[in-house]
Amino acid sequence: QVQLVESGGGLVQAGGSLRLSCAASGSMFSINAMGWYRQTPGEQRELVAVIRSGGSTNYADSVKGRFTISRDNAKNTVYLQMNSLKPEDTAVYYCKLNYRRDYMIYDYWGQGTQVTVSS
């Protein structure tokens, strides 16, 4: 059984910062990647940032230079440092885990955490 525990969302003023955390636990053989996605009402879930097992990262153009994804491999935890937040960053942020076990690859989603940026 895999579990993802997200934390760090909340309300912040424009220009402020938040740090999201997502801790993975359970019977995973190896983690391929962990990432953050976000979704607003009526819109599709979109990639914010991803970090792979080798350390490579990708970011949405809209967050480049403002958000930083990092990972603590010993704790199976991924972080998203969000600086210079804008009202358009307001969304529910979801952590996604991609892992491998028994020659199969799985995706697992967290429950989501609300980020609200006021103008």
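Which residues have the most contacts inside the largest nonpolar core? I began my notebook with this, keeping in mind that I am reading a predicted model.

**Entry 1: the core**

I looked up the largest nonpolar core and found that it has 29 residues, and that Met 34, Trp 36, Leu 80, Met 82, Tyr 93 and Leu 97 are those with the most contacts inside it. I then asked which strands supply it, and noted that S1 (2-7), S3 (18-26), S4 (30-39), S5 (46-52), S7 (67-72), S8 (77-82), S9 (91-101) and S11 (113-118) each give at least two residues. The largest share, five residues, comes from S9. As background I wrote down that in soluble globular proteins nonpolar side chains tend to be buried together.

I picked Leu 80 to follow in detail, and, not counting residues up to four places away in sequence, I listed what Leu 80 touches: Leu 18, Arg 19, Leu 20, Trp 36, Val 48, Ala 49, Phe 67, Thr 68, Ile 69 and Tyr 93.

**Entry 2: an open sheet**

In what order do the four strands of the open sheet stand? I read the order as S1-S3-S8-S7, with antiparallel pairing, and I marked S1 and S7 as the edge strands, since each of them pairs on one side only. From one strand to the next the twist averages 15°.

I looked more closely at S1 and S3, which run antiparallel and are joined by six bridges; to place myself along this pair I used Val 2, which stands opposite Gly 26 in S3. I reminded myself that strands of a sheet pair through backbone hydrogen bonds, either parallel or antiparallel.

**Entry 3: the disulfide**

How many disulfides does the structure hold? I found one, formed by Cys 22 and Cys 95, with their sulfur atoms 2.1 Å apart. The angle about the S-S bond is -85°, and the link of Cys 22 and Cys 95 is left-handed. Cys 22 lies in strand S3 and Cys 95 in strand S9, so this pair ties together parts that are 73 residues apart in sequence.

I also checked whether the two cysteines are buried or exposed: Cys 22 is buried, with a relative accessible area of 0%, and for Cys 95 I likewise noted a buried residue with a value of 0%.

**Entry 4: S9, S10 and the turn between them**

I went on to S9 and S10, which run antiparallel and are joined by six bridges, and in S10 I found Tyr 106 as the bridge partner of Tyr 99. The hairpin of S9 and S10 has two residues between the strands, and Asp 102 there takes a positive phi near 55°. I kept for reference that most residues other than glycine have a negative phi.

Tyr 103, in the loop between S9 and strand S10 (104-109), also has a positive phi, near 65°, although Tyr 103 is a residue other than glycine. Tyr 103 counts as exposed because its relative accessibility is 84%, and exposed means over 50%.

Within S9 I then turned to Asn 98, whose side chain makes a polar contact of 2.7 Å with the side chain of Asp 107. Asn 98 counts as buried because its relative accessibility is 19%, and the cut-off for buried is under 20%. Leaving aside neighbours within four places in sequence, I listed Ile 31, Asn 32, Ala 33, Ile 105, Tyr 106 and Asp 107 as the residues in contact with Asn 98.

**Entry 5: Asn 76**

Where does Asn 76 lie? I found Asn 76 in the loop between S7 and S8, with a positive phi of about 50° although Asn 76 is not a glycine. At 24% relative accessibility, I entered Asn 76 as partly exposed.

**Entry 6: Arg 19**

My last entry is on Arg 19, which is placed in strand S3 and counts as partly exposed at 46% relative accessibility. Leaving aside neighbours within four places in sequence, Arg 19 is in contact with Ser 7, Gly 8, Tyr 79, Leu 80 and Gln 81. I also looked up how Arg 19 stands to Arg 100, and noted that they are 81 residues apart in sequence and 27 Å apart in space, C-alpha to C-alpha.

Definitions and conventions. Residues are numbered from 1 along each chain as its sequence is written. This is a predicted model: local features need pLDDT of at least 70, side-chain atom pairs count only at pLDDT 80 or more; totals for chains, interfaces and linings use all residues. Side-chain values use heavy atoms; hydrogens and water are left out. A nonpolar core is a set of buried Ala, Val, Leu, Ile, Met, Phe, Trp, Tyr and Cys residues joined through side-chain atoms within 4.5 Å. Buried means under 20% relative accessible area, exposed over 50%, partly exposed in between (1.4 Å probe, protein chains only). Contact means heavy atoms within 4.5 Å. Two strands pair if DSSP finds at least two bridges between them. Axes are lines fitted to C-alpha atoms, for helices over the stretch in contact, and angles run from 0 to 180 degrees between N-to-C directions. A disulfide is a pair of cysteine sulfur atoms within 2.5 Å. A polar contact is a pair of N or O atoms within 3.5 Å; within protein, one must be able to donate a hydrogen and the other to accept it, and residues adjacent in sequence count only if both atoms are side-chain atoms.
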